[in-house]
Structures are given as C-alpha cells and as structure tokens.
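Here's a quick briefing to read alongside the model. Have the viewer open and follow the residues as they come up.

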Amino acid sequence: MTADLFAADGRLKAIPRRPARREALLAHLAESLFAPARSYTEREVNEALLTVHEDFPALRRYLVVGGHLTRTKDGAAYHRQQQPGSPGGATRSVA
C-alpha cells in the first residue's frame, strides 16, 4: 500500500529507498498522473511530478528506468507504458 507514503496534503513524504516500496510508489504515480494513450512533453512530466514531490528529476528517472514511462530518443515525448499483467501487456520500446 502506498497511502502511508503521502502526507495529509497529498504530497509524498520521501522517495522510498527499499526497491519494493519504491516500485509500488512508481506504479501508483504512473497510473494516477499519466494517461496511457497520451504523449507528454518533459515539461508536462516535470509539472505532474512536482505536484507530489520536489525531487521531480529523480522520480522521472525512476519512472523511465523502471519502465513505467518511456521517452523518445530525442527526449521530446514521454508515454506511460502498460505494465505486465495489465491489458495490452508490456512494451518497453521507444521511437
């Protein structure tokens, strides 16, 4: 459960260090902040992540490395990925 990671105001208290807790958080953030069929600019990703924590660059990096978001080779666009076990399966390719 990720609810205990957030303060009453909805902001993240801290980015978890334990991999399993961090993975649960990243899955939650990807699902709650990013629509699967939409393309996002880096600025839009940053703004969305800034609503939950000031270290948005670390969250963005964790989301990409963890396969929750992919980005184009030029970094111009980000997309939320379907995770294993979800409809559509997992795709980690980038344009």
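What follows goes from the overall layout to the sheet, the salt bridges and a few individual side chains.

Keep in mind that this is a predicted model. The protein has 3 helices and 3 strands, and along the sequence they run α-β-α-α-β-β. Of its 95 residues, 36% count as buried.

**Overall layout**

- Take the contacts between residues at least 6 apart in sequence: 41% of them join residues at least 24 apart.
- The protein exposes about 5800 Å², and carbon and sulfur atoms supply 55% of that area.

**The sheet**

- The 3 strands make an open sheet in the order 1-3-2, with antiparallel pairing.
- Strand 1 (39–40) and strand 2 (69–71) are the edge strands; each has a single partner, so one side of each is left without a neighbour in the sheet.
- Strand 2 pairs with strand 3 (residues 78–80) over 3 bridges, in the antiparallel sense.
- If you want a pair to click on, try L69, whose bridge partner in strand 3 is R80.

**Salt bridges**

- The structure holds 5 salt bridges, and the bullets below walk through some of them, including R11 with E54.
- R11 and E54 come together with their closest N and O atoms 3.5 Å apart. This pair ties together distant parts of the chain, 43 residues apart: R11 is in the segment before helix 1 (19–33), and E54 is in the loop between helix 2 (42–50) and helix 3 (56–65).
- How open are the two partners? R11 is partly exposed, with a relative accessible area of 27%, while E54 counts as exposed at 54%.
- E42 and R60 form another salt bridge, with 3.9 Å between the closest N and O atoms. Here too distant parts of the chain are linked, since E42 sits in helix 2 and R60 in helix 3, 18 residues apart.
- Is R60 buried or exposed? R60 is buried, at 15% relative accessible area, because the cut-off for buried is under 20%. Its partner E42 is partly exposed at 32%.
- R43 and E47 also meet in a salt bridge, at 3.0 Å from N to O. Both residues lie in helix 2, 4 residues apart, or about one turn of the helix.
- Within that pair, R43 is exposed with a relative accessible area of 63%, and E47 counts as partly exposed at 43%.

**Around L49**

- L49 belongs to helix 2 and is buried, with 0% relative accessibility.
- What does L49 touch, leaving out residues up to four places away in sequence? The list is L33, F34, F56, L59, R60 and L63.
- So R60 turns up twice in this briefing: as a contact of L49 and as the salt-bridge partner of E42.
- L49 can also be placed relative to R11: the two are 38 residues apart in sequence, with 10.0 Å between their C-alpha atoms.

**Aromatic rings**

- A search of the whole structure turns up 1 aromatic pair. The rings are F34 and Y40, arranged edge-to-face with 5.1 Å centre to centre and 85° between the planes.
- Why edge-to-face? The 85° between the planes of F34 and Y40 is over the 60 degrees that the term calls for.
- F34 and Y40 are both buried, and F34 is also among the residues that L49 touches.
- Y62 has a charge for company: the charged end of R22 sits over the ring of Y62, 4.6 Å from its centre.

**The segment before helix 1**

- A7 is located in the segment before helix 1, and R11 is in that segment as well.
- A7 is partly exposed, at 33% relative accessible area.
- A7 and V52 are 45 residues apart in sequence, yet their C-alpha atoms are 9.8 Å apart in space.

How values were computed:
Residues numbered from 1 in each chain as written. Predicted model: local features only at pLDDT ≥ 70, side-chain atom pairs only at ≥ 80, totals over all residues. Heavy atoms only, no water. Helix = DSSP H or I, 4+ residues; strand = E, 2+ residues; numbered from the N terminus. Buried < 20%, exposed > 50% of the residue type's maximum accessible area, 1.4 Å probe, protein only. Contact = heavy atoms within 4.5 Å. Areas by Shrake-Rupley, 256 points an atom, 1.4 Å probe, with all protein chains shown as cover. Salt bridge = Lys/Arg side-chain N within 4 Å of Asp/Glu carboxyl O. Pairing = 2+ DSSP bridges. Phe/Tyr/Trp six-rings, centres within 6.5 Å; stacked < 30°, edge-to-face > 60°. Lys NZ or Arg CZ within 6 Å of the ring centre and 35° of its normal.
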